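Biologist: I am new to this structure and would love a close look at one part of it. Could you walk me through the largest cavity and what surrounds it?

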Amino acid sequence: MDLSRAGGGSYTDNLIGTLLAIFGNLLVSISLSIQKYSHVTLAGTKDPRAFYHTKTWWSGFVFTCLGEAANFVSYAFAPLALVAPLNAVSVLTSSILGFIFLREKSKPKDFAKNYGLTFLGYILTIGGTYLFVSFGPNSHEKLQAENIVKHLVGWPVLLYLLLEIITFCLLLYFYKQRSANYLIIILLMVSLLGSVTVITVKAVSGMLVLTVEGNMQLNYPIFHVLFVCMVASVVFQARFLSQACKLHDSSLIASVNYILSTFFAVVAGAVFYLEFNNEDVLHICMFVLGTAFCFLGVFLITKSRKSTKTFEPYVTMDMTNGVPVIHDKGLVVQPDFNGSFSYGALVNNDGVAPATVPVNLEQPPVGSRSTDASHDQPDLKKDLKKD
């Protein structure tokens with residue numbers, strides 16, 4: 001970071017916000033891995049307890065709360081353009097923990113082939129993070145209630161919000177009325193809501209920090225209005241994300257959602273908080289290059305999660321002569337899980353080859369039994385006559 005671009009106070013605030021955002025994303029990634037490990041352990045050992053009765057899951061929940069709190073406070077110190085792209089740290093950490101903490105298996109000879117792009121994504125993400133943090137906006141404004149109101153009534157912000165509302169309504173119309181369940185439509189709605197979320201989060205967080213420092217901001221109506229908007233946007237954002245997860249691949253959702261959300265968050269910071277007003281062209285170009293590296297790195301990291309689905313024998317609903325059919329096509333009784341266990345599947349131990357299923361599971365035809373029985377009846381009559 002260039003110290004000559006801003007005063008020491010602004011530089012210190014940006015450094016605190018950046019470190020808080022990195023720390024928060026690290027904690028969130030660790031917490032999600034811990035909770036996933038808790039679920040996998042419970043299901044693998046057939047433990048009858050619910051997941052919320054385990055200490056492992058609750059420790060992950062505590063880490064999640066701490067990480068989200070750190071992310072929330074970071075918005076009060078650093079610009080949106082610095083905090084929003086740092087979500088790449090969470091994707092990077094989750095991928096690394098997948099190798100170490102969760103012990104995802106891979107043969108040594110196939111490791112470079114399967115995970116070469118992943119490590120390239122690591123390099124691009126780390127390099128991009130360094131670039132946009134070093135050349136990102138270094139301006140900082142104390143978000144008092146009066147300053148926030150001035151930003152809201154400015155014509156650039158009103159025009160930006162009007163365009164967002166019109167675009168969101170059009171997307172919602174196609175999604176609800178025309179049943180356009182395309183991934184890009186759902187994630188665009190999520191990103192538009194996310195831009196409102198980051199604007200309100202930064203304002204609410206800034207006013208809370210000022211209140212803790214002794215400058216009361218909670219008695220202004222604008223604080224309560226922004227707080228309600230923040231909660232509502234988060235709720236609807238989570239709802240649309242859950243719909244996307246039901247319809248599309250989670251790896252693709254992670255990369256596309258990161259790209260769109262970061263883009264709209266940076267634009268919202270530039271329009272609402274005027275974060276790039278005092279920046280020169282060189283720093284803006286280097287910032288854009290760094291975010292582009294992060295976009296490509298996150299895409300490569302999440303792309304590697306798509307692995308070919310190995311065959312797992314399961315019982316289908318197709319019954320022939322009272323014998324259940326066992327093969328890899330048909331209506332599954334319960335969804336399976338690509339791990340050391342499967343819901344509704346036969347036992348699947350890691351490292352054990354799938355059992356071969358007999359091809360001919362045919363029973364003797366019913367017609368042959370009836371003909372054999374008819375041939376045996378004359379012999380039975382002869383025996384009765386002899387008696």
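Modeller: Happily! The largest cavity holds about 90 Å³ of space, in what is a predicted model. The structure has one cavity of 30 Å³ or more. Its lining is made up of Ala76, Phe77, His140, Glu141, Lys142, Leu143, Gly206, Val209, Leu210 and Glu213. Two helices, H2 (55-77) and H8, each give at least two residues to that lining, and H8 supplies the largest share, with four residues.

Helix H8 is a good thread to follow from here. The largest nonpolar core counts 60 residues, and those touching the most other members are Phe132, Ile148, Met189, Met207, Leu226, Phe240 and Tyr273. Helix H8, which covers residues 183-213, gives the most to this core, with 14 residues.

Tyr273 is worth a stop. Leaving aside residues up to four places away in sequence, Tyr273 touches Leu80, Leu143, His151, Ile199, Lys202, Ala203 and Ala268. One of these, Leu143, is also among the residues that line the cavity.

Now for helix H10, residues 250-272. With 23 residues at 1.5 Å a residue, H10 should span 33 Å, and its end C-alpha atoms lie 31 Å apart, so the two values agree. At the N-terminal end, Asp249 acts as a cap for H10, with a side-chain oxygen 3.1 Å from the backbone nitrogen of Ser251. Following H10 comes Leu274, which has a positive phi, near 55 degrees.

How values were computed. Residues numbered from 1 in each chain as written. Predicted model: local features only at pLDDT ≥ 70, side-chain atom pairs only at ≥ 80, totals over all residues. Heavy atoms only, no water. Core = buried A, V, L, I, M, F, W, Y, C linked by side-chain atoms within 4.5 Å. Buried < 20%, exposed > 50% of the residue type's maximum accessible area, 1.4 Å probe, protein only. Contact = heavy atoms within 4.5 Å. Expected span 1.5 Å × (residues − 1). Polar contact = N/O pair within 3.5 Å; in protein donor to acceptor, adjacent residues only side chain to side chain. 1 Å grid on protein atoms, 1.4 Å probe; cavity = no way out; pocket = protein on both sides within 12 Å on 5 of 7 lines; lining within 4 Å. Points joined across faces, edges and corners; volume = space filled by probe spheres on them.
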